[in-house]
Amino acid sequence: MSEIIHTDILIIGSGPSGTSTALHLVKQDPAWAKRIIIVDKAIHPREKLCGGGITHLGQNVLADLGLTLEPRHFEVKEARLVYHDKTYSLYGNPVFRIVRRDEFDHWLVQTAEKLGIRVRQGEAVTQVTPHDEYVEVTTERATFQARVVVAADGSRSFVRRKLKWADAPGSDHESRVARLVEVLTPEDPATTPEFRDGVAVFDFTPMDDDLQGYYWDFPSFVEGRPFMNRGVFDSRAVPEKPKADLKEVLAREMAERDRALEDYKLKGHPIRWWNSHGRFAQPRVILVGDAAGADPLFGEGISFALGYGQPAAEAISDAFARDDFSFETYAARLKEHPLFVHLRLRTRLARYAYLLNYPWVVSVGWSLMRLVMRFTPWRDPGHVPGRLPEFRLTDVASQN
């Protein structure tokens with residue numbers, strides 16, 4: 001018979017959303033550390049597919065936790081959005097940072113462990129059974145009886161599947177999932193413009209081929225070595241439209257950059273959409289991170305995953321204070337949080353931005369994004385308070 005462990009909070013998943021929830025609880029009161037257990041089937045550092053971008057939204061969360069980004073990262077000074085011969089560039093100090101998820105997630109877990117939070121790695125969950133007074137979670141090594149379970153186990157959430165999770169009655173659509181494929185190509189920083197100039201490229205030209213998203217080029221470091229992270233994001237914002245062939249799109253875009261897709265290992269992964277009408281909790285169980293929903297406009301994952309930590313921690317703390325574990329107000333907490341107000345706006349924009357594939361639609365979308373970015377709180381150690389990041393519309397032809 002497996003060991004039975006009683007705990008107040010069991011967090012399933014040790015990615016940014018689960019770890020952020022634990023860190024926010026400990027920030028409220030260090031005594032929470034002894035009342036939390038995190039379990040994960042993986043062992044850190046573990047491979048995690050992701051473009052790796054952390055915008056100021058994520059940096060703000062880390063700063064609020066008193067953390068300075070320690071893993072090696074690449075600072076993007078210019079985010080260049082391309083559609084045929086037109087570009088729209090955002091400049092910042094930096095605009096965002098690019099990390100490797102295996103290094104970033106491992107650092108967060110180590111940070112949690114230093115604060116006394118127990119993290120059990122290499123322990124897959126095999127069953128989840130709700131009861132009135134606790135949730136029973138069975139793993140390969142033990143049985144947990146937790147007063148609260150936090151499902152932080154990604155877009156393919158095991159908890160969602162086991163509990164047959166469905167959106168709330170009256171939801172306007174079912175949960176949707178975006179698609180991504182990516183490769184890593186070794187590069188010489190001295191001869192690669194993106195490395196030399198600190199540029200990340202988002203190319204929306206493949207929208208002409210039914211892609212509801214973009215191709216990206218992100219400079220990055222893997223174990224200290226320079227690689228370009230190249231990939232394709234397909235939001236599937238309009239599910240009734242034909243599916244783009246992501247492998248074909250990626251191969252064509254790489255060929256234009258003198259790279260052959262067949263020379264590299266192709267990987268893919270999903271991202272679950274944020275759904276404002278979704279169901280984010282049931283008694284004693286709440287969802288965070290990709291299990292709850294992420295950004296369908298650009299596929300930004302890390303920043304919003306980190307952002308779930310604060311409202312989740314507040315909901316958990318309130319549940320214990322009132323001895324009410326219904327979590328009936330958790331969805332409202334999320335929707336009222338400034339970060340998720342921003343996420344809701346991105347979700348609306350995604351539905352319109354990828355509806356049609358005409359240049360004027362893209363132009364309108366970029367103009368709307370300019371407004372979104374201008375009204376987004378901006379904080380960076382090298383940024384002058386009160387000054388917004390620089391925006392510039394340029395014509396590629398005029399630069400040649």
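**Exercise 1. Determine whether K164 is buried or exposed, and describe its setting in the chain.**

K164 is exposed, because its relative accessible area is 70%, and the cut-off for exposed is over 50%. The structure examined here is a predicted model, and this holds for every exercise that follows. As a next step, place the residue along the chain: K164 sits in the loop between α4 and β10 (177–186). Its backbone then deserves a look, since K164 has a positive phi of about 50 degrees although it is not a glycine. Finally, consider the surroundings on the surface, where K164 gathers with K41, K48, R156, R161 and K162 in a patch of positive charge. One of these partners, R161, is found in helix α4 (residues 158–162), and R161 also counts as exposed, because its relative accessibility is 52%.

**Exercise 2. Find what kind of phi value R284 has, and state whether the residue is buried or exposed.**

Begin with the backbone: phi of R284 is near 75 degrees, which is a positive value in a residue other than glycine. The residue is found in the loop between β15 (281–282) and β16 (285–287). For the second part, R284 counts as buried because its relative accessibility is 8%, and buried means under 20%. R284 is thus buried, whereas K164, which has a positive phi as well, is exposed.

**Exercise 3. Locate the cis peptide bonds that precede P45 and P94, and assign each proline to its element.**

Take P45 to start with: the peptide bond from H44 to P45 is cis, with omega near -5 degrees, and P45 is found in the loop between β2 (36–39) and β3 (53–55). Turning to P94, a cis peptide bond joins N93 to this proline, with omega about -5 degrees. P94, however, is found in strand β5 (residues 86–99), so that one proline belongs to a loop and the other to a strand.

**Exercise 4. Describe the salt bridge between R252 and D209, and explain why it ties together separate parts of the chain.**

The side chains of R252 and D209 meet in a salt bridge, with 2.7 Å from N to O. R252 lies in helix α6 (residues 246–255), while D209 lies in the loop between β11 (199–203) and β12 (213–222), so the pair ties together parts that are 43 residues apart in sequence. For the accessibility of the two partners, R252 counts as partly exposed at 28% relative accessibility, and D209 is likewise partly exposed, with a relative accessible area of 38%.

**Exercise 5. Work out which salt bridges D217 forms, and which network they belong to.**

One partner of D217 is R230, and the closest N and O atoms of this pair are 3.0 Å apart. The pair links distant parts of the chain, with R230 in strand β13 (residues 225–234) and D217 in strand β12, 13 residues apart. Both of these residues are buried, R230 with a relative accessible area of 4% and D217 at 1% relative accessibility.

Another partner is R257, whose side chain meets that of D217 in a salt bridge of 2.8 Å, N to O. Here D217 lies in strand β12 and R257 in the loop between α6 and β14 (267–272), so the pair ties together parts that are 40 residues apart in sequence. R257 is partly exposed, with a relative accessible area of 21%. To complete the solution, salt bridges that share partners join E187, D203, D217, R230, E253, R257 and R259 into one network. A search of the whole structure finds 27 salt bridges.

**Exercise 6. Establish where Q145 lies and which residues it touches, then set it against the chain as a whole.**

Q145 lies in strand β9 (residues 142–151) and counts as buried, because its relative accessibility is 16%. Leaving out residues up to four places away in sequence, Q145 touches I4, I5, H6, T7, Y134, V135 and E136. Q145 and T129 are 16 residues apart in sequence, and their C-alpha atoms are 9.6 Å apart in space.

For the wider view, the chain has 12 helices and 17 strands, and buried residues make up 59% of its 400 residues. Among the contacts in the chain with a separation of 6 or more, residues 24 or more positions apart account for 74%. The accessible surface comes to about 17,300 Å², of which 52% belongs to carbon and sulfur atoms.

How values were computed:
Residues are numbered from 1 along each chain as its sequence is written. This is a predicted model: local features need pLDDT of at least 70, side-chain atom pairs count only at pLDDT 80 or more; totals for chains, interfaces and linings use all residues. Side-chain values use heavy atoms; hydrogens and water are left out. Patches are made of residues with over 30% relative accessible area and no salt bridge: like charges are joined within 9 Å, nonpolar side chains (Val, Leu, Ile, Met, Phe, Trp, Tyr) within 5 Å. Accessible areas come from the Shrake-Rupley method with a 1.4 Å probe; for residues, only the protein chains shown count as cover. A salt bridge is a side-chain nitrogen of Lys or Arg within 4 Å of a carboxyl oxygen of Asp or Glu. Lys and Arg count as positive and Asp and Glu as negative; His and the chain ends are not counted. The place of a charge is taken as NZ of Lys, CZ of Arg, CG of Asp or CD of Glu. Helices (H or I, at least four residues) and strands (E, at least two) are DSSP runs, numbered from the N terminus. Buried means under 20% relative accessible area, exposed over 50%, partly exposed in between (1.4 Å probe, protein chains only). Contact means heavy atoms within 4.5 Å.
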